[in-house]
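User: I am new to this structure and would like a close look at one part of it. Please start from a single residue and its surroundings, then work outward to the rest.

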Amino acid sequence: MAVSELGDRTDNAASAGGSAPHGEERPVILEARDIRRSYRMGDTVVHALDGVSFQVRQGDYWAIMGQSGSGKSTLLNLLGCLDRPTEGAYLLGGDDVAQLDDDDLAEIRGQRLGFIFQSFNLILQLTVLENIEVPLFYQGIPAREARERAQRYAELVGLGGRTHHRPLELSGGQQQRVAIARALVNEPLVILADEATGNLDSATGREILGLLDQLHLQGRTIIMVTHDPNIANRAEWVLRLKDGKIDRIEPGGKHPEGVRTPERH
Ligand SMILES: Nc1ncnc2c1ncn2[C@@H]1O[C@H](COP(=O)(O)OP(=O)(O)OP(=O)(O)O)[C@@H](O)[C@H]1O
Ligand SMILES: [Mg+2]
């Protein structure tokens, strides 16, 4: 089964996808309010993020760009609840995660977020299906249901015929597809990707971006850190960081003309 044939989210696509009708307001699902993150290095303090505010609406596709050291990974780690801001608020699905403890953060990561990494981060001893099941295992989903869901998402990313392979028996593009299925299997609010095509050759990278395009069209929310200007053409919004601040937010190639202007405080 190809992505385009999967029906589970397509009913939402009109209201939640990038093709939302002119002027329609989709709900805000993620909001950074004046987020700061500093690191103390001996006597000096590094301001990795220095007052960042923006809102992401359901179904958005954002690319986060900026030079090396501008704060992209720091921001993605905060958005992904792997870290807490030093100051400011971060609202995810309405909860201020800046106030939560480590256990709560881990729970939120498992329930609301899907991660895709540059280096795939698959467990080499596990099969494709078992890798996709990992987030469900942490949520205590019964084994039978987990297996069914993993199978469905393996098919969604075009790996229905490879479910019993282990990662090293797959190509790089196939490994990233497993990682994407794993990111989707818990039906997250947001998919966070850190250079998801960085380790792939350009043809395979385009294939993975095509898959992300299809997921976006089905209404999924995607935030991707990238150095690749081509990705900006596929996103609706491009957030450019400079020295820990938002340099600018500009419409990307998939920007639905005139839908709205993002919040900038
Ligand atoms: N754990 C840390 N301790 C101290 N300083 C840090 C730490 N992590 C990041 N920094 C500093 O914060 C700033 C932003 O780093 P960050 O990793 O977010 O940049 P980046 O935009 O992801 O860069 P790259 O494109 O090279 O991955 C840099 O000046 C970096 O040196
Ligand atoms: Mg980085």
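Analyst: Gln125 is exposed, because 9 other C-beta atoms lie within 10 Å, and a residue counts as exposed at 12 or fewer. This is a predicted model, and the description that follows is of that model. Gln125 sits in the loop between strand 6 (113-117) and helix 4 (128-138). Pro167 is 42 residues away from Gln125 in sequence, yet the two C-alpha atoms are 8.0 Å apart in space.

Strand 6, which precedes that loop, belongs to an open sheet of six strands with the order 6-7-8-3-9-10 and mixed pairing. Strand 6 and strand 10 (245-251) are at the edges of the sheet; each has a single partner strand, so one side of each is left without a neighbour there. On average, and with direction ignored, neighbouring strands of the sheet are turned by 20° against each other. Further along the order, strand 7 (residues 190-194) and strand 8 (residues 222-225) run parallel and are joined by four bridges. Asp194 has Val225 of strand 8 as its bridge partner. In general, strands of a sheet pair through backbone hydrogen bonds, either parallel or antiparallel.

Next comes the nonpolar interior. The largest nonpolar core has 66 residues, and Ile64 and Ala181 have the most contacts inside it. Helix 6 (residues 172-184) gives the most to this core, six residues. Apart from its neighbours within four places in sequence, Ala181 is in contact with Ile132, Tyr153, Ala154, Leu156, Val157 and Leu159. Nonpolar side chains tend to be buried together in soluble globular proteins.

Helix 2 is a contrast to the exposed loop residue: six of its eight residues are buried, so the helix is largely enclosed by the rest of the structure. The buried ones are Lys72, Thr74, Leu75, Leu76, Leu78 and Leu79. Just after helix 2, Cys81 takes a positive phi of about 60°.

Helix 2 also takes part in the surroundings of ligand 1, where it provides the largest share of the shell, three residues. The residues around ligand 1 include Lys72, Ser73 and Thr74, along with Tyr39, Met41, Val46, Ala48, Gly66, Ser68, Gly69, Ser70 and Gly71. Strand 1 (28-41), strand 2 (44-57) and helix 2 (72-79) are the elements that give two or more residues to this shell. By class, the shell has four nonpolar, seven polar and one charged residues.

Technical notes. Residues are numbered from 1 along each chain as its sequence is written. Chains are lettered from A and ligands numbered from 1 in the order in which they are written. This is a predicted model: local features need pLDDT of at least 70, side-chain atom pairs count only at pLDDT 80 or more; totals for chains, interfaces and linings use all residues. A residue is buried if 20 or more other C-beta atoms lie within 10 Å of its own, exposed if 12 or fewer, and partly exposed in between; C-beta atoms are placed from the backbone. A residue is near a molecule or strand if its C-beta atom, placed from the backbone, lies within 6 Å of it. Ala, Val, Leu, Ile, Met, Phe, Trp, Tyr, Cys and Pro count as nonpolar, Asp, Glu, Lys and Arg as charged, and the others, Gly among them, as polar. A nonpolar core is a set of buried Ala, Val, Leu, Ile, Met, Phe, Trp, Tyr and Cys residues joined through C-beta atoms within 7 Å. Two residues are in contact if their C-beta atoms, placed from the backbone, lie within 7 Å. Two strands pair if DSSP finds at least two bridges between them. Axes are lines fitted to C-alpha atoms, for helices over the stretch in contact, and angles run from 0 to 180 degrees between N-to-C directions.
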